[in-house]
Amino acid sequence: METEKGFYMVFMEGGNTPAYKHAEKESAIKEARRLAETHKKKTYLLATVTSFEYDCIKIKEANPCDLRIEDALPF
């Protein structure tokens, strides 16, 4: 199995979706404490466990003879 470097994110109850990826745990802990103290809300330190990636796209060509001009117009 391939491995990759994990990262940390901070989630605050009632807050927005986490967006910033902390490379170091200490950085995420510092941010979690700051948010908890500033907003007086519970924060969580999230850590990656496993990532999943879908890398297959199927491309299917339509047969132009199957299309009628009325089908191509949205009105």
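Hi everyone, this is a short walk through the structure of one protein chain.

Please keep in mind that we are looking at a predicted model. How confident is the predictor in the protein chain? The mean pLDDT is 86, and 83% of the residues reach 70 or more. That confidence varies along the chain: helix α1, residues 25-39, has the highest mean, at 98, while helix α2, residues 69-72, has the lowest, at 57. So please read anything about helix α2 with that lowest mean of 57 in mind.

Now for the layout. The protein chain has 2 helices and 2 strands. If you start at the N terminus and walk along, the elements come in the order β-α-β-α. Of the 75 residues in the protein chain, 11% are buried.

Let's begin at the front of the chain, with E2. E2 sits in the segment before β1, and that strand spans residues 8-12. Is E2 buried or exposed? E2 has a relative accessibility of 75%, so this residue counts as exposed. E2 also has company, as it joins E4, E53 and D55 in a negative surface patch.

Next, have a look at strand β1, where you will find Y8. Y8 counts as partly exposed because its relative accessibility is 23%; the cut-off for buried is under 20%. Which residue can we pair with Y8 across the sequence? Take L46: Y8 and L46 are 38 residues apart along the chain, yet their C-alpha atoms are separated by 5.5 Å. L46 falls within strand β2, which covers residues 43-47.

Moving on, we reach the loop between β1 and α1, and E24 is in that loop. E24 has a relative accessible area of 44%, so it is partly exposed. Looking back along the chain from E24, M9 is 15 residues away, and the C-alpha atoms of E24 and M9 are separated by 9.9 Å.

That brings us to helix α1. How many salt bridges does the model have? The count comes to 1. The partners are R34 and E31, whose side chains meet at 2.9 Å, N to O. Both of these residues lie in helix α1, and they are 3 residues apart, about one turn of the helix. What about their accessibility? R34 counts as partly exposed, at 41% relative accessibility, and E31 is partly exposed too, with a relative accessible area of 24%.

Just past the helix there is one more residue to point out, K40. K40 lies in the loop between α1 and β2. What is special about its backbone? The phi of K40 is near 55°, a positive value in a residue other than glycine. Most residues other than glycine have a negative phi, which is why a positive value is worth pointing out. As for its surroundings, K40 has a relative accessible area of 69%, so it is exposed.

To recap, we have a β-α-β-α chain, a salt bridge between R34 and E31, a negative surface patch that includes E2, and a positive phi at K40. Thanks for listening!

Notes. Residues are numbered from 1 along each chain as its sequence is written. This is a predicted model: local features need pLDDT of at least 70, side-chain atom pairs count only at pLDDT 80 or more; totals for chains, interfaces and linings use all residues. Side-chain values use heavy atoms; hydrogens and water are left out. pLDDT is the predictor's confidence in each residue, from 0 to 100. Helices (H or I, at least four residues) and strands (E, at least two) are DSSP runs, numbered from the N terminus. A salt bridge is a side-chain nitrogen of Lys or Arg within 4 Å of a carboxyl oxygen of Asp or Glu. Buried means under 20% relative accessible area, exposed over 50%, partly exposed in between (1.4 Å probe, protein chains only). Patches are made of residues with over 30% relative accessible area and no salt bridge: like charges are joined within 9 Å, nonpolar side chains (Val, Leu, Ile, Met, Phe, Trp, Tyr) within 5 Å. Accessible areas come from the Shrake-Rupley method with a 1.4 Å probe; for residues, only the protein chains shown count as cover. Lys and Arg count as positive and Asp and Glu as negative; His and the chain ends are not counted. The place of a charge is taken as NZ of Lys, CZ of Arg, CG of Asp or CD of Glu.
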